[in-house]
Amino acid sequence: MNNFVKDTLGAGKKKMVDIVPQMDRAHMRLRNNQVRDDFNTMNSFPVIETHLEDLEGHAASTYTYDVYKWVKKEIMKEKFLVTKGFQDAAEDDHSVHKMENFKRQKYVHEVVYYHGRLTTDEEALEEAVLPPIMVCTCNMFQYKGVPCRHMFMLMKQKNMSKIPKSLIMKRWTRNAESVCDIEYPDGQNMDKEASEVSRFGALTGDCNRMCSYASKTTKGYSMLKKEIARLTALIEGLVKDSEQVHVCDPQPERTGCVIRDPVVVKKKGNQNQEIGRRPITCSYCKGAGHNIQSCGERKKKEREAAAQQSVGEDNPPSVSTPAKKVYHCGKCNGPGHTARSCKNAPASSNSE
């Protein structure tokens, strides 16, 4: 799912206007593929092509169309295996079978086979048959949910015509989407609200299926509308008679398996600090509740400074003039003149 959506959207930053239509198209493709697979599973039967016809036929009638392809590949790969040996253990009624690939002897796998046996059911007081169990060291059944080629080789050695029930996962079968009958306790071991949600989900699944068939014909549609109205009135009367209608609390307790909003957790940092909007603080007087534009202290000081400035313009203060710099002559060292304007310098003798 995630890989499919990632390939559809692509890499890079995109706008929400572009992402929403692409997500709708991706979901439409997924729904279309699911409907197509369901149609192929329910309305077609594959052709038996492998050497294990009985096992392949049982897999085709049990698994869905896509899962059957996985099983068919494993059955075809079974013919390349060679038995290396087996060992029986009498204490717990199991045997270990070793297998290897043809001309690739370093790949050896072991399949532990637990024989099926008769057990006594204490409640029904009758004997029941436990199906055989197989465990392979390749762990394909653990991560994929279908029997591996080593298990099919062991089934061939044991002359099995059907896959054991212990190796069939219901999620890969044809009837995986059928709603099973659930026993709901009368509020003893299960929360009431959780049981109501479970019943609602089961009934919704059944009603969707019925509405799908009824919508195909006009007669079925009109008949179902009448039955829904009749049953709704009947069930509403039963609920009122049994006094099971209660007003829900505004904040019900978080009990049971009902999906609710996530619990708000504390953040990192100072836990004693109240979470909320930071108060406004003035950057001039450092006071709270106002800013520098509406600060009264700032406006007061500005008015005082303007008043002092206006008084100073009427009576300007007397400022002492700084003393001028006294120059000294570089020839006679006298004050008040320079060497160019010196008159005390001796006259130069001009010899002709």
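How many bridges join strand 2 to strand 3, and which way do the two run? I started my notes there. I am working from a predicted model, so every entry below is read off computed coordinates.

**Entry 1: strands 2, 3 and 6**

I counted eight bridges between strand 2 (residues 94–101) and strand 3, and the two run antiparallel. Picking one pair, I found lysine 98 opposite glutamate 110 of strand 3. The hairpin these strands form has two residues between them, and lysine 103 there takes a positive phi near 65°.

Then I followed strand 3 to its other partner. Strand 3 (residues 104–114) is joined to strand 6 by four bridges, again an antiparallel pairing. Tyrosine 113 stands opposite methionine 134 of strand 6, and valine 111 has cysteine 136 of strand 6 as its bridge partner.

Which side chains of strand 6 are buried? I looked along residues 133–136 and saw them alternate. Met134 and Cys136 point to one face and are buried, while Ile133 and Val135 point to the other face and are not. I noted that both strand 6 residues from the pairs above, methionine 134 and cysteine 136, sit on the buried face.

**Entry 2: histidine 150**

Next I went to helix 6, where histidine 150 lies. Buried or exposed? Histidine 150 comes out buried, with a relative accessible area of 5%. I set aside its neighbours within four places in sequence and listed what remains in contact: Leu81, Met99, His109, Val111, Cys136 and Cys138. Some of those names were already in my notes: Val111 and Cys136 are the bridge partners from strands 3 and 6.

**Entry 3: any disulfides?**

How many disulfides does a search of the whole structure find? I got zero. I checked two cysteines to see why. The sulfur of cysteine 148 has its closest cysteine sulfur in cysteine 138, 3.5 Å away, so the gap is too far for a bond. My cut-off for a disulfide is 2.5 Å between the sulfurs. Cysteine 148 is buried, at 1% relative accessible area.

The other one I checked was cysteine 329. The closest cysteine sulfur to its own is in cysteine 342, at 3.7 Å, which is also too far for a bond. Cysteine 329 is buried too, with a relative accessible area of 3%.

**Entry 4: helix 3**

I wanted to know how enclosed helix 3 (residues 53–62) is. Seven of its ten residues are buried, so the rest of the structure largely encloses this helix. The buried ones are Leu55, Glu56, Gly57, His58, Ala59, Ala60 and Thr62. I then looked at what they pack against, and found helix 4 and helix 6 (149–157). Helix 6 is also where I had found histidine 150.

**Entry 5: cavities**

I searched for cavities of 30 Å³ or more and found one. Its volume is about 40 Å³. Which residues line the largest cavity? I wrote down Asn40, Thr41, Ser44, Pro46, Ala60, Thr64, Tyr65, Tyr68 and Arg174. Helix 2 (16–43) and helix 4 (65–77) are the elements giving two or more residues to this lining. By type, the lining divides into four nonpolar residues, four polar and one charged. Ala60 is also one of the buried residues of helix 3.

**Entry 6: positive phi in loops**

Most residues other than glycine have a negative phi, so I looked for exceptions. Asparagine 159 has a positive phi near 60°. It is found in the loop between helix 6 and helix 7 (192–214). Asparagine 159 is exposed, with a relative accessible area of 70%.

Lysine 286 is another non-glycine residue with a positive phi, about 65°. I placed lysine 286 in the loop between helix 8 (218–241) and helix 9 (296–314). Lysine 286 counts as exposed as well, at 64% relative accessibility.

**Entry 7: whole-chain tallies**

To finish, I took the totals. I count nine helices and six strands in the protein. Of its 352 residues, 20% count as buried. I also tallied contacts between residues at least 6 apart in sequence, and 39% of these join residues at least 24 apart.

How values were computed:
Residues numbered from 1 in each chain as written. Predicted model: local features only at pLDDT ≥ 70, side-chain atom pairs only at ≥ 80, totals over all residues. Heavy atoms only, no water. Buried < 20%, exposed > 50% of the residue type's maximum accessible area, 1.4 Å probe, protein only. Pairing = 2+ DSSP bridges. 1 Å grid on protein atoms, 1.4 Å probe; cavity = no way out; pocket = protein on both sides within 12 Å on 5 of 7 lines; lining within 4 Å. Points joined across faces, edges and corners; volume = space filled by probe spheres on them. Nonpolar A, V, L, I, M, F, W, Y, C, P; charged D, E, K, R; others polar. Contact = heavy atoms within 4.5 Å.
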